[in-house]
Amino acid sequence: MSENQSSRRFVRRLPVVGTIAAGSVLLLAGPAFAHVTVQPGTAPKGGFATVAIKVPNEKDDASTVKVEVSLPTDHPLASVMPEPVPGWKVDVTKSKLAKPIEMEGEKINEAPSKITWTADGKGIEPGQFQQFPLSVGQLPNDADQLVFKALQTYDNKEVVRWIEPAKPGGPEPENPAPVLKLTAAGADGTGQGADDGKDGAKSDPAKNAAEASPSDTTARVLAVAGIVVGIVGVAFGVLAGRRRNA
């Protein structure tokens, strides 16, 4: 076989190699998107914040029709106000507190303990996600995080329980519970996620969540592009070297 024939065959194989490399990266990256999470993932201690429960659909053949979020009981939140989401009914369940909490000089004997969103339409279809915004507060000063355990119900009756705690330094659980990390007030200087504390949510929660979401997707796309560009560069280098030798 001549060098020209070998070079042409090598070039023809490049798209296949590039596609396999890109597909491998995306395949490995896929599961990282699939968790139910709190967005943004941090909020200042002691204040109010607007966050969103982000729920992706993991199934190819079923839609998510109900989302139940249990609010933390070790650090109760006296105020939890959901923003209306088109196509979903919302129900807030309150429970009596074992120990009353104080907010703005008043003793609070009961607090929201669970929020349930139920689809009155198609729900979250395959390949889609939905954000459920909440105004929450007053966030505790004596905790580093709040855990929001969630149940995700599909129209085929399957229930995914996002309730597993993550252990520091350990591997990520298969179904980790959504977590809101609490930072020192004003520590990042941005105040991102903070409300005024009295009039409820004043910001756009969907915008805040999108801006604060990890840039995993962008990083993975850039990684794939880098692999493809690298493969093409190597190919052209090989061909140029052969031409010079010829």
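Among contacts in the chain between residues at least 6 apart in sequence, 74% join residues at least 24 apart. The model is a predicted one. Its secondary structure comprises three helices and twelve strands, and 37% of the 246 residues of the chain count as buried.

Strands of a sheet pair through backbone hydrogen bonds, either parallel or antiparallel. One open sheet consists of four strands in the order S1-S3-S8-S5, with antiparallel pairing. S1 and strand S5 (79-82) each have a single partner strand and stand at the edges, so one side of each is left without a neighbour in the sheet. On average, and with direction ignored, neighbouring strands of this sheet are turned by 30° against each other.

Within this sheet, strand S3 (residues 49-56) is paired with S1 and with S8. S1 (residues 37-39) runs antiparallel to S3 and is joined to it by three bridges. Threonine 37 has lysine 54 of S3 as its bridge partner, and valine 38 is placed opposite isoleucine 53 in S3. The pairing of S3 with strand S8 (residues 129-137) is also described by eight bridges in the antiparallel sense. Here lysine 54 has glutamine 131 of S8 as its bridge partner. Lysine 54 is thus bridged to threonine 37 and to glutamine 131. Seven of the eight residues of S3 are buried, so the strand is largely enclosed by the rest of the structure. In a regular strand the side chains alternate between the two faces of the sheet.

A further open sheet is built from five strands, ordered S6-S7-S4-S10-S11, and its pairing is antiparallel. S6 and strand S11 (159-162) are the edge strands, each pairing on one side only. From one strand to the next the twist averages 15°. Four bridges connect strand S10 (residues 149-154) with S11 in the antiparallel sense, and leucine 151 stands opposite arginine 161 in S11. The loop between S10 and S11 contains lysine 157. This lysine 157 has a phi near 80°, a positive value in a residue other than glycine. With a relative accessible area of 71%, lysine 157 is exposed, the cut-off for this class being over 50%.

Two cis peptide bonds are described next. The bond from glutamine 39 to proline 40 is cis, with omega near -10°; proline 40 lies in the loop between S1 and strand S2 (42-44). The bond from glycine 137 to glutamine 138 is also cis, with omega near -10°. Glutamine 138 belongs to the loop between S8 and strand S9 (145-147).

Glutamine 138 also takes part in a pocket lining. The second largest pocket has a volume of about 280 Å³. It is lined by 13 residues, of which Pro76, Ile101, Gln138, Leu139 and Pro140 are the closest to its centre. Strand S6 (residues 88-103) supplies the largest share of this lining, three residues. Sorted by class, the lining of the second largest pocket holds six nonpolar, four polar and three charged residues. Rolling a probe the size of a water molecule over the atoms shows where empty space is left.

Pro140, one of the residues closest to the centre of this pocket, is also a contact of histidine 75. Histidine 75 is located in the loop between strand S4 (64-70) and S5. Its relative accessibility is 18%, so histidine 75 counts as buried, a class that requires a value under 20%. When residues up to four places away in sequence are not counted, histidine 75 touches Pro140, Asp142, Ala143 and Leu146.

Alanine 34 is another buried loop residue, with a relative accessible area of 16%. The loop that holds alanine 34 runs between helix H1 (3-29) and S1. Not counting residues up to four places away in sequence, alanine 34 touches Pro56, Glu58 and Trp162. The C-alpha atoms of alanine 34 and asparagine 175 are separated by 9.6 Å, and these residues are 141 residues apart along the chain.

Terms used
Residues are numbered from 1 along each chain as its sequence is written. This is a predicted model: local features need pLDDT of at least 70, side-chain atom pairs count only at pLDDT 80 or more; totals for chains, interfaces and linings use all residues. Side-chain values use heavy atoms; hydrogens and water are left out. Buried means under 20% relative accessible area, exposed over 50%, partly exposed in between (1.4 Å probe, protein chains only). Helices (H or I, at least four residues) and strands (E, at least two) are DSSP runs, numbered from the N terminus. Two strands pair if DSSP finds at least two bridges between them. On a 1 Å grid over the protein atoms alone, a cavity is a set of points where a 1.4 Å probe fits but cannot get out, and a pocket is an open set with protein on both sides within 12 Å along at least five of seven lines; lining residues have an atom within 4 Å of a point. Grid points are joined across faces, edges and corners, and a volume is the space filled by probe spheres set on the points. Ala, Val, Leu, Ile, Met, Phe, Trp, Tyr, Cys and Pro count as nonpolar, Asp, Glu, Lys and Arg as charged, and the others, Gly among them, as polar. Axes are lines fitted to C-alpha atoms, for helices over the stretch in contact, and angles run from 0 to 180 degrees between N-to-C directions. Contact means heavy atoms within 4.5 Å.
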